[in-house]
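The following exercises concern charged side chains and the way they pair. Please work through each task with the sequence and the model in view before reading its solution.

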Amino acid sequence: MKEIEREVQETIRGIIDKRVKAMKAGDTNMINDLLSILLDSNFKEIEQHGNKDFGMTTKEVIEECKLFYFAGQETTSVLLVWTMILLSRHLDWQARTREEVLQVFGDGMPEFDGLNRLKIVTMILNESLRLYPTVGGLGRRITTKTKLGELILPAGVMLASPTILVHHDK
């Protein structure tokens, strides 16, 4: 595990170093990705305060990269698993989806432009997200006395909205 962690750290550090060099050289081709936005924001924060203590360290940037990568990968994989489960339970929709993909792409490789024409696939992905959202619930703390219907809630009360239960309530 330590060897894998070291390898991940070195790989991300190499990507960051390469990106920092490109940004300092004025290469604007990569400015539209998340890492460049994070680094640019960090540079501006340091520059604004004139002190490196105000910005993120390289280690902190690496941790942010890992967080975004793993969080994005997990949410995507969960979406795909639930979609496959739902399609396995609804064979009629599975057939309609297969038919649509074949109609749009035929036997060829899927192309990026064709993805926007997959209306049934989009509907199925949206329904999967509705039934099995990436966030199962939301919590909010009330900051001021609030009237909710007939209830009067004092400041400081924590409200919880179980998204997954709301989405399954017929």
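Three exercises on salt bridges follow, and the model they use is a predicted one.

**Exercise 1. Placing K66**

Task: Determine in which helix K66 lies, and decide whether K66 counts as buried or exposed.

Solution:
- Step 1. Locate the residue: K66 belongs to helix α3, which covers residues 58-89.
- Step 2. Take the relative accessibility of K66, which is 11%. The cut-off for a buried residue is under 20%, so K66 counts as buried at its 11%.
- Step 3. List the surroundings. With neighbours within four places in sequence left aside, K66 is in contact with E5, V8, Q9 and I12.
- Step 4. Add the polar contact: the side chain of K66 makes one with the side chain of E63, at 3.1 Å.

**Exercise 2. A salt bridge between helices**

Task: Identify which parts of the structure the salt bridge of E5 and K66 ties together.

Solution:
- Step 1. Recall the principle: side chains of opposite charge can pair when their charged atoms come close.
- Step 2. Apply the distance criterion. A salt bridge requires the nitrogen and the carboxyl oxygen to be within 4 Å; the side chains of E5 and K66 meet at 2.8 Å, N to O.
- Step 3. Assign the helices. E5 lies in helix α1 and K66 in helix α3, so the pair ties together parts that are 61 residues apart in sequence.
- Step 4. Consider exposure. E5 has a relative accessible area of 32% and is therefore partly exposed, whereas K66 counts as buried.

**Exercise 3. A network in helix α1**

Task: Establish which residues are linked with R6 in a network of salt bridges, and state how many salt bridges the structure holds.

Solution:
- Step 1. Begin with E3, whose side chain meets that of R6 in a salt bridge of 2.5 Å, N to O. Both residues lie in helix α1 (residues 2-24), where they are three residues apart, about one turn of the helix.
- Step 2. Continue to E10: R6 forms a salt bridge with E10, and their closest N and O atoms are 2.3 Å apart. Because R6 and E10 are four residues apart in helix α1, about one helical turn separates them.
- Step 3. Compile the exposure. E3 counts as partly exposed at 46% relative accessibility, R6 as partly exposed at 39%, and E10 as partly exposed with a relative accessible area of 48%.
- Step 4. Combine the pairs: E3, R6 and E10 are linked in a network of salt bridges. The structure holds seven salt bridges.

Technical notes
Residues are numbered from 1 along each chain as its sequence is written. This is a predicted model: local features need pLDDT of at least 70, side-chain atom pairs count only at pLDDT 80 or more; totals for chains, interfaces and linings use all residues. Side-chain values use heavy atoms; hydrogens and water are left out. Helices (H or I, at least four residues) and strands (E, at least two) are DSSP runs, numbered from the N terminus. Buried means under 20% relative accessible area, exposed over 50%, partly exposed in between (1.4 Å probe, protein chains only). A polar contact is a pair of N or O atoms within 3.5 Å; within protein, one must be able to donate a hydrogen and the other to accept it, and residues adjacent in sequence count only if both atoms are side-chain atoms. Contact means heavy atoms within 4.5 Å.
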